[in-house]
Amino acid sequence: MVLYNILITKPMLTINNLPKLSVQNLSSVKDLTKADVMSIIEVANLFKKNNKEKNKNIPILNGRTIINLFFEPSTRTLISFEVAAKRLGADMINMNIEGSSLRKGETLIDTADTLNAMNPDLVIIRHGSSGSIKEISSRLKCPIISAGEGTEEHPTQALLDAYTIQDNQKKFEEITVSICGDIEHSRVARSNYHLLKKMGSKIRFVTPDYFKPKDLDSFDVEYFDNLELGIESADIVMMLRIQKERINDVNLPSIDEYFKHFGLTHKKLTNAKKDVLVMHPGPINRNIEIESSLADDLDKSVINEQVENGVAVRMACLAVMVK
Ligand code: CP
């Protein structure tokens with residue numbers, strides 16, 4: 001109700017009348033309460049409507065400084081955080097890691113101290129190694145958001161996926177979500193597992209033996225090593241990219257062999273529910289984990305919606321986390 005009033009009186013929207021999260025930092029979805037997740041979805045809903053207007057700006061973060069600190073490549077996450085911060089009126093700085101003093105041997109701790117001295121209001125961090133985000137954030141004096149860490153977590157991807165599921169009129173507690181492909185190396189799979197489980201969904205892991213997570217026993221999932229069986233009657237089929245950059249201990253089959261057994265096609269998808277949503281965090285490998293024509297089939301695929309919703313969800317995260 002409060003948010004509805006905010007929506008129809010857009011000029012009154014300030015960060016003080018938005019809900020706040022129960023956490024300072026967003027490094028793991030495990031730290032979020034269900035109420036936190038619903039708050040982010042509700043606030044994202046306000047921004048999504050406005051993102052379709054000619055004037056997309058809601059400058060409630062005017063004068064605030066937000067820094068993107070990406071140690072790994074990114075298209076969607078990096079740009080959507082930048083778009084999100086700018087639509088909220090913040091000054092957004094993308095730190096160029098390759099051109100930074102980290103390449104002269106400066107440590108993460110000294111980099112964090114240097115950023116602290118410039119008084120940022122929030123720092124967004126992507127890093128390939130587990131533990132690095134904790135190391136940097138323990139030194140920073142402002143809130144941080146993880147934009148993906150090693151094979152651990154990608155919290156805002158899971159939040160935008162949850163938003164997309166709810167936006168398509170699916171109820172979390174009534175759905176079966178099949179997460180399919182390279183689960184062992186996927187931070188998206190882990191964050192989605194923890195978030196959707198928290199919201200009451202049934203989760204399946206569908207993966208060939210060589211991509212089965214080593215800690216499978218720690219997840220409350222149904223496990224399948226067959227794609228057709230694993231997506232039977234599923235409401236959501238979430239495909240994953242093969243994370244080649246993280247694979248050094250697996251003998252992969254040929255692309256043709258992988259696609260034959262684990263590539264999602266229109267034909268295999270007939271096993272799922274009729275109104276199934278096909279999701280993929282991107283970047284996609286066409287005709288490896290998903291048939292190219294299926295990725296583009298807007299009756300089934302919500303891959304572009306995920307990207308669009310990513311802006312609104314990241315605006316919501318910034319708006320509720322910046323002090
Ligand atoms: N889904 C995702 O994290 O994509 P990017 O690597 O392009 O940010």
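Into which domains is the protein chain divided? The assignment gives two: domain 1, covering 3-154 + 308-321, and domain 2, covering 169-244 + 253-301. Before I go further, please bear in mind that the structure on display is a predicted model. I shall begin with the two domains, then turn to the nonpolar cores, and finish with the pockets and the cavity.

The C-alpha centres of domain 1 and domain 2 are 27 Å apart. Across the boundary, 19 residues of domain 1 make contact with 15 residues of domain 2.

Let us look at the interior. The largest nonpolar core contains 67 residues. Within this core, the residues with the most contacts are Phe-47, Ile-60, Ile-66, Ile-124 and Leu-318. Helix H12 is the element that gives the most to this core, contributing 10 residues. Where does this core lie with respect to the domains? Domain 1 and domain 2 both give residues to the core, so it lies between them.

Ile-60 may serve as an example of the packing. Leaving aside residues up to four places away in sequence, Ile-60 touches Leu-13, Thr-14, Ile-15, Leu-18, Phe-47, Leu-88 and Ala-319. Another core, of 24 residues, lies apart from the one just described. Tyr-258, Leu-264, Val-278 and Ile-303 are among the residues of that other core.

I now come to the open spaces. The largest pocket holds about 380 Å³ of space. Its lining consists of 20 residues, and those nearest the centre are Arg-126, Arg-187, Arg-241, Gly-282 and Pro-283. Sorted by class, this lining has five nonpolar, eight polar and seven charged residues. Two helices, H3 and H7 (187-198), each supply at least two residues of the lining of the largest pocket. Each of the two domains, moreover, provides at least three residues of that lining.

The second largest pocket encloses about 290 Å³. It is lined by 17 residues, with Ser-27, Ser-28, Glu-149, Glu-152 and Glu-153 closest to its centre. Here the lining divides into two nonpolar, eight polar and seven charged residues. Which elements each supply at least two residues of this lining? They are helix H5 (132-137), strand S4 (144-149) and helix H7. The largest share, three residues, is that of H5. Why does the second largest pocket lie between the two domains? The reason is that domain 1 and domain 2 both give residues to its lining.

Finally, the enclosed space. A search of the whole structure returns one cavity of 30 Å³ or more. Its volume is about 50 Å³. The lining of this cavity is formed by Arg-76, Ser-80, Gln-157, Leu-160, Pro-281, Gln-306, Val-307 and Arg-314. By class, these are three nonpolar, three polar and two charged residues. Helices H3 (76-87), H6 (155-167) and H12 (303-321) each contribute at least two residues to the cavity lining. Of these helices, H12 gives the largest share, with three residues.

Let me close by returning to two elements. Helix H12 gives the most to the largest nonpolar core, and the largest share of the cavity lining also comes from H12. Helix H7, for its part, supplies residues to the lining of the largest pocket and to that of the second largest pocket. Thank you for your attention.

Key. Residues numbered from 1 in each chain as written. Predicted model: local features only at pLDDT ≥ 70, side-chain atom pairs only at ≥ 80, totals over all residues. Heavy atoms only, no water. 1 Å grid on protein atoms, 1.4 Å probe; cavity = no way out; pocket = protein on both sides within 12 Å on 5 of 7 lines; lining within 4 Å. Points joined across faces, edges and corners; volume = space filled by probe spheres on them. Helix = DSSP H or I, 4+ residues; strand = E, 2+ residues; numbered from the N terminus. Nonpolar A, V, L, I, M, F, W, Y, C, P; charged D, E, K, R; others polar. Core = buried A, V, L, I, M, F, W, Y, C linked by side-chain atoms within 4.5 Å. Buried < 20%, exposed > 50% of the residue type's maximum accessible area, 1.4 Å probe, protein only. Domains from an automatic or database assignment. Contact = heavy atoms within 4.5 Å.
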